[in-house]
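Reader: I have a model open and want to go through it piece by piece. Can we start with one of the helices?

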Amino acid sequence: MRSHDSHRVERVASVIKRSVALIIETELADPRIFGVSVVDVTVSRDLKFATVYVYIEGDDQSVLNALRNSAGYVRKIFAETNREMRVVPHFRFELDKSQSYYEHIDSLIKGLHNEGDNN
């Protein structure tokens with residue numbers, strides 16, 4: 001991939017991340033969608049697909065399902081607010097695994113510290 005193409009994909013990902021976070025926060029009326037943070041976005045080289053990685057507090061599977069059901073609506077609002085984009089990608093919502101991984105490591109470290117205090 002040429003350098004110019006990779007910068008373009010990164011710029012598009014950045015725009016998507018900001019816009020989708022705002023759309024989730026202000027435009028989605030589904031009461032099942034709450035506690036959602038957009039963590040990262042990856043975009044295919046042809047800009048046709050964007051994977052939106054989210055962190056969800058609480059019951060993440062039902063919230064993730066609601067987000068996935070609203071992907072078409074999110075794309076429609078995104079297209080309306082980003083008219084300068086020639087290609088509007090299809091959005092896929094996925095859980096960001098890094099947050100739960102870091103929380104797991106943190107709890108392990110705290111467990112080790114607590115064991116050390118008990119000896």
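Reader: Which residues of helix H3 are buried?

Author: This is a predicted model. In helix H3, which covers residues 71-81, the buried ones are Ala71, Val74, Ile77 and Phe78.

Reader: And where do the buried residues of H3 fall, seen down the axis?

Author: They lie within an arc of 125 degrees, so they line one face of H3.

Reader: Now H2. Which residues are buried there?

Author: Helix H2 spans residues 60-69, and its buried residues are Val63, Leu64, Ala66 and Leu67.

Reader: What arc do the buried residues of H2 fall within?

Author: The arc is 160 degrees when viewed down the axis of H2, so the buried residues line one face of that helix.

Reader: Step back a bit. How many helices and strands are in the protein?

Author: The protein has four helices and three strands. Starting at the N terminus, the order is α-β-β-α-α-β-α.

Reader: How much of the protein counts as buried?

Author: The protein has 119 residues, and 30% of them count as buried. The accessible surface is about 7,900 Å², with 50% of that belonging to carbon and sulfur atoms.

Reader: What about contacts: what share join residues at least 24 apart?

Author: Taking contacts between residues at least 6 apart in sequence, 61% join residues at least 24 apart.

Reader: Different topic, pockets. What volume does the largest pocket have?

Author: Its volume is about 210 Å³.

Reader: Which residues line the largest pocket?

Author: The lining consists of Arg8, Arg11, Val12, Val15, Leu47, Glu84, Met85, Arg86 and Val87.

Reader: How does that lining divide into nonpolar, polar and charged?

Author: Five of the lining residues are nonpolar and four are charged, with no polar ones.

Reader: Last one, Gly35. Where is the place of Gly35?

Author: Gly35 sits in the loop between helix H1 (3-26) and strand S1 (36-43).

Reader: What does Gly35 count as, in terms of accessibility?

Author: Gly35 counts as partly exposed because its relative accessibility is 27%, and partly exposed means the range from 20% to 50%.

Reader: Which residues does Gly35 touch, leaving out those up to four places away in sequence?

Author: Gly35 touches Tyr55, Ile56 and Glu57.

Reader: And what separates the C-alpha atoms of Gly35 and Gly58?

Author: The separation is 7.6 Å, although Gly35 and Gly58 are 23 residues apart along the chain.

How values were computed: Residues numbered from 1 in each chain as written. Predicted model: local features only at pLDDT ≥ 70, side-chain atom pairs only at ≥ 80, totals over all residues. Heavy atoms only, no water. Helix = DSSP H or I, 4+ residues; strand = E, 2+ residues; numbered from the N terminus. Buried < 20%, exposed > 50% of the residue type's maximum accessible area, 1.4 Å probe, protein only. Contact = heavy atoms within 4.5 Å. Areas by Shrake-Rupley, 256 points an atom, 1.4 Å probe, with all protein chains shown as cover. Arc of directions from axis to C-beta. 1 Å grid on protein atoms, 1.4 Å probe; cavity = no way out; pocket = protein on both sides within 12 Å on 5 of 7 lines; lining within 4 Å. Points joined across faces, edges and corners; volume = space filled by probe spheres on them. Nonpolar A, V, L, I, M, F, W, Y, C, P; charged D, E, K, R; others polar.
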